[in-house]
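This report introduces a protein structure to a reader who has not met it before. It begins with a term needed for the strands and then proceeds from single elements to the whole chain.

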Amino acid sequence: MSKFYYLTTAIDYVNGRPHLGHAYEKVITDIIARAKRSLGKPAFYLTGLDEHGQKVDQSAQKSGKQTQLYCDELAVCWKALVDKLNLDIDDFVRTTEQRHIRVVQAAINKLNEHEHFYKAEYRGYYSTKEETFLTDRDMREDGTFDPAYGEVTELVEENYYFRLSRHQDWLIDYIEKNPGFIEPQIRRNEVLGFLKNNELEDLCVSRPASRLRWGIPIPFDPEYVTYVWFDALLNYISVPAAHNDPVILEALNLSPVEGVSKKELWPADVQVIGKDILKFHTVYWPIMLKAMEIPMPRQVLVHGWWQKEGRKMSKTTGNIVDPIEVVEDWGEDAFRYYIVRELAIGPDGNWTDSGFAARYHAELANGLGNLVNRSLSMLNRYRKGVVPNVSNELAGDVTKTVEEVAGLLEENKLQPALLSIWSLITRANQYVDSTMPFKLAKDPAQGARLDEVLYNLAETCRILAVLVWPFIPRTADKIYEQLGLNSEPNKTSEAVWGGLPEGHKAGRPAPLFPRRDVKSDRSK
Ligand code: MSP
């Protein structure tokens with residue numbers, strides 16, 4: 001058995017409903033997972049929910065519900081998003097599950113046994129919103145804190161601390177020696193800059209149960225619960241442990257779960273996160289792993305943040321993109337396509353309703369949709385849907401694109417891959433315009449030429465289905481269906497010119513992306 005290509009996303013706080021930012025992260029991870037599978041590599045995709053901590057507890061209290069019940073109810077809505085976005089996940093973790101708690105406690109025990117923790121008194125300030133301690137250094141001249149911290153309270157309490165500073169030099173060295181560990185490079189430089197210019201402060205990993213009961217008990221001191229970030233980061237290894245991953249079971253001295261077949265997952269191949277949680281994933285997390293003697297993930301891939309119509313998304317102002325609404329209105333593939341086409345993984349992005357509608361019409365309806373529709377309509381009209389003999393006029397262009405896209409997908413370069421696919425679509429649409437099959441059809445002497453054109457178009461559509469599958473899987477399936485193919489377009493190895501055999505009977509076309517009246521969309 002070989003190791004899976006293991007992908008993770010951040011796990012979302014279950015204190016509200018999902019918005020565009022959460023959906024974006026899950027979709028890009030899904031596309032990477034599907035791309036690997038298409039390229040022949042088994043992938044394991046994990047996502048889930050971060051349910052502990054004061055933030056979630058307070059939201060539950062505000063809603064008047066018992067906290068676990070509050071989480072259970074909201075979890076239904078987050079799990080529904082997985083289906084809505086057509087995410088092909090392999091597991092969904094909730095940090096209140098026993099399988100996660102067991103691993104968190106084993107990890108804490110190991111770190112404690114190896115003397116990575118100490119107990120000390122803390123005097124200072126605490127921001128519940130950010131679940132973080134603040135010091136005088138964070139205070140502004142007028143004695144207040146940045147409003148981003150929300151309400152800040154003064155505290156004196158004893159807690160457990162994790163010694164971080166002894167790992168600082170090792171971490172700098174590790175990041176320098178492994179240039180691909182943090183992508184894109186601007187984020188790597190940011191972390192290196194931070195590590196080189198600041199001495200790491202030890203991390204407080206507990207909260208007194210008297211102040212916050214909503215957390216995982218510290219196994220050797222029941223008066224404390226685990227700091228929510230410390231608990232949450234461990235989801236990336238608690239799920240492998242639940243699948244009997246030998247690396248994690250051994251490192252934490254855990255017994256295998258009975259009746260569960262072993263999966264080799266760790267180290268993660270790519271951990272996808274947003275830029276705001278960079279420090280947690282590229283400073284605290286690697287140090288936690290190092291201290292537990294667990295290998296590093298291969299890559300932390302950091303995406304930017306979305307705004308809507310040039311302004312921060314915010315529930316209070318109502319400036320929010322609700323992914324479920326968009327999917328119900330336009331279909332999941334239109335949503336998946338727009339967010340990946342609009343924004344490369346790295347920079348910040350801006351959602352505009354007009355930009356969305358424009359791309360839908362120009363690139364999906366008039367681009368891919370029109371190509372498939374007219375290719376199949378003409379095959380039906382002129383040849384009763386029967387595929388003519390193989391012709392290779394577009395074979396060179398198509399093969400070049402397949403190779404280029406495969407190379408880009410190997411490197412998780414999603415937007416460039418999409419651009420490459422769309423230039424083939426443009427090329428094929430131009431081919432229709434220049435060969436004018438509707439004219440050829442009028443001249444019986446041009447029958448052989450018409451056959452050639454129709455073959456090239458049908459075969460290009462077939463291979464395009466394979467190429468777009470990781471991005472817009474349902475549309476890819478529809479193209480295969482309309483071509484009358486029973487197999488699935490989910491393997492790059494199928495993208496070899498000439499696969500559509502002579503005499504094959506194609507089905508009838510139906511619009512993949514029906515054109516819409518933009519005015520009525522806006523008035524919604
Ligand atoms: N629970 C923590 C993560 C723990 S991971 C061990 C958390 N949750 S979150 O719900 O606030 O954010 C989850 C992910 O969504 C993060 O990667 C975050 O960057 C991403 N996004 C939240 N808002 C976003 C945008 N507006 N745009 C893009 N991504 C954003 O942090």
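## Paired strands and a hairpin

Two strands are said to pair if DSSP finds at least two bridges between them. The model described here is predicted. In this model, β11 and β12 form a hairpin, with two residues lying between the two strands. Strand β11 covers residues 217-218 and is joined to β12 by two bridges in the antiparallel sense. Within this pairing, proline 217 stands opposite valine 225 of β12.

Strand β12 (residues 221-226) also runs antiparallel to strand β10 (residues 206-208), and three bridges connect them. Here arginine 207 has valine 225 in β12 as its bridge partner.

## An open sheet of four strands

Strands of a sheet pair through backbone hydrogen bonds, in either a parallel or an antiparallel manner. One open sheet in the model contains four strands in the order β6-β5-β7-β9, and their pairing is antiparallel. Its edges are formed by β6 (132-134) and β9 (203-204), each of which pairs on one side only.

How many bridges link β7 and β9? Strand β7, made of residues 152-162, pairs with β9 over two bridges in the antiparallel sense. In this region tyrosine 161 is placed opposite cysteine 204 of β9.

## Helix α10

Helix α10 comprises 15 residues, numbered 278-292. The distance from its first C-alpha to its last is 21 Å, close to the 21 Å expected at 1.5 Å a residue. The helix nevertheless has a kink of about 30° at tryptophan 285, shortly before proline 286.

Why can α10 be described as largely enclosed by the rest of the structure? The reason is that 13 of its 15 residues are buried. Just after the helix, glutamate 293 adopts a positive phi of about 60°.

## Helix α2 and its surroundings

Helix α2 occupies residues 54-63, and its buried residues are Gln54, Val56, Asp57, Ser59 and Ala60. These buried residues pack against three strands and a helix, namely β2 (12-13), β3 (43-50), β5 (117-127) and α3 (67-84). Glycine 64 follows α2 and has a positive phi, near 75°.

## Lysine 26 in helix α1

Lysine 26 is located in helix α1, which covers residues 20-38. Is this lysine buried or exposed? Its relative accessibility is 3%, and lysine 26 therefore counts as buried, the cut-off being under 20%. Leaving aside residues up to four places away in sequence, lysine 26 touches Thr9, Ala10, Asp12, Tyr45, Thr47 and Leu87.

## The protein as a whole

The secondary structure of the protein amounts to 19 helices and 16 strands. Along its principal axes, the C-alpha trace spans about 90 × 55 × 45 Å. The radius of gyration is 26 Å, which agrees with the value near 24 Å for a compact globule, because the protein has 524 residues.

Of the 524 residues, 56% count as buried. Among contacts with a separation of 6 or more, 75% are made by residues 24 or more positions apart. The accessible surface comes to about 22400 Å², and carbon and sulfur atoms account for 48% of it.

Methods. Residues numbered from 1 in each chain as written. Predicted model: local features only at pLDDT ≥ 70, side-chain atom pairs only at ≥ 80, totals over all residues. Heavy atoms only, no water. Expected span 1.5 Å × (residues − 1). Bend = angle between axes of the 7 residues up to and from the residue. Buried < 20%, exposed > 50% of the residue type's maximum accessible area, 1.4 Å probe, protein only. Rg over C-alpha atoms; globule rule 2.2 N^0.38 Å. Contact = heavy atoms within 4.5 Å. Areas by Shrake-Rupley, 256 points an atom, 1.4 Å probe, with all protein chains shown as cover.
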